[in-house]
Amino acid sequence: MSRLVLALDIGGTKMLAALVDGSSVIETHKMPTPRGGDPEQWLTALFDAIAGWKGRYDTVGVAVSGIIDDGCWSALNRKTLDIPDCFPLTATVSRLSGCNAVLAANDAQAAAWGEYSFGAGAQQDMVFLTISTGIGGGIVVNGKLLGGLAGHFGQFRSLDEASGTLEDHVSGNWIASQAAPHLSGATAREVFEAAAAGQTWAKDIVGASARQTALLCRNIKLALDPARIVIGGGIGLAPGYLDAIRQMLAALPPRLAPELHAAALTESAGVVGIADLARSRSQVDRA
Ligand code: BMX
């Protein structure tokens with residue numbers, strides 16, 4: 001039996017494949033998530049790119065943006081990633097990889113497990129938040145990762161039903177959309193660059209996103225009282241974002257204030273987490 005697990009992390013912006021040994025990432029291959037086509041084509045392109053890794057792994061973990069039910073992959077927000085309802089994910093990955101031991105989970109839940117086990121969660125009760133193309137999350141309580149819908153904070157709604165989901169007002173997609181009148185076609189990263197260069201419009205957009213995330217952290221503290229909230233994702237880890245959230249929460253009474261940490265595994269959290277989950281599950285299955 002190989003020690004290596006093939007771990008895939010498919011998000012709204014990028015696809016990351018990695019060979020993982022315990023918590024160590026041995027090799028990676030990254031490519032943009034295609035804007036068109038369907039998951040069968042995306043996965044085929046990814047497996048073509050890593051064809052040289054065949055034979056080095058016998059277990060596969062797949063972390064994806066969206067929800068997994070019985071190996072079927074569906075979107076909650078098709079603006080984050082446009083997946084048809086109930087795409088047969090584990091069956092497709094099993095066929096493309098030639099492995100029977102395939103475990104699939106939500107991307108943010110997998111990253112939560114990675115951070116809990118090997119990163120900034122420090123094996124304490126924690127909530128992980130990824131602020132990226134969308135907003136995802138994962139919850140670990142008493143050493144257990146909650147599955148199913150648990151942690152889908154980006155899907156929260158306000159009292160104004162018509163205003164859509166929280167991620168529609170906070171995420172990387174939202175940040176890029178708000179830049180249109182100021183810098184046509186700008187990406188979220190370019191908005192952060194403009195904010196760092198002192199552009200007021202960009203600072204306002206980043207500030208508005210951080211304010212909503214700060215409020216979310218405050219509410220998570222009240223709902224679950226986790227020892228830590230770990231923040232990851234391309235937006236969450238962008239320079240200045242976490243500090244802005246901390247400042248916005250600085251006046252809270254200490255008992256109500258969440259303890260915030262930057263994700264330690266950065267963009268490897270998902271592959272490290274899903275590899276560990278897939279490895280332990282496959283050991284159970286083979287027992
Ligand atoms: C959305 C949802 C979550 C995901 C989160 C972060 C979809 C397709 N995705 O809330 O399942 O965890 O985005 O996703 O409905 P990312 O692609 O930004 O990492």
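Colleague: Which atom of the ligand is 2.7 Å from a polar backbone atom of G12, and how is such a polar contact read?

Modeller: A polar contact is a pair of N or O atoms within 3.5 Å. Here an oxygen atom of the ligand is 2.7 Å from a polar backbone atom of G12. An oxygen atom of the ligand is also 2.8 Å from a polar backbone atom of L76, and a backbone N or O atom of N77 lies 2.8 Å from a ligand oxygen. The protein covers 97% of the 460 Å² of accessible area that the ligand has on its own (Shrake-Rupley method, 1.4 Å probe). This is a predicted model, in which local features need pLDDT of at least 70, side-chain atom pairs count only at pLDDT 80 or more, and totals for chains, interfaces and linings use all residues. Residues are numbered from 1 along each chain as its sequence is written, and side-chain values use heavy atoms, with hydrogens and water left out.

Colleague: How many residues surround the ligand, and which are the closest?

Modeller: A residue counts if one of its heavy atoms lies within 4 Å. There are 19 such residues, the closest being G12, D107, S132, H152 and E167. The shell divides into four nonpolar, 13 polar (Gly counts here) and two charged residues.

Colleague: What is the order of the strands in the open sheet?

Modeller: Strands of a sheet pair through backbone hydrogen bonds, either parallel or antiparallel. Pairing requires at least two DSSP bridges, and a strand is a DSSP run of at least two E residues, numbered from the N terminus. The three strands have the order 5-6-7, with antiparallel pairing. Strand 5 (67–69) and strand 7 (87–88) are the edges, each pairing on one side only. Two bridges join strand 6 (residues 72–74) to strand 7, where F87 is the bridge partner of W73.

Notes. Helix = DSSP H or I, 4+ residues; strand = E, 2+ residues; numbered from the N terminus. Polar contact = N/O pair within 3.5 Å; in protein donor to acceptor, adjacent residues only side chain to side chain.
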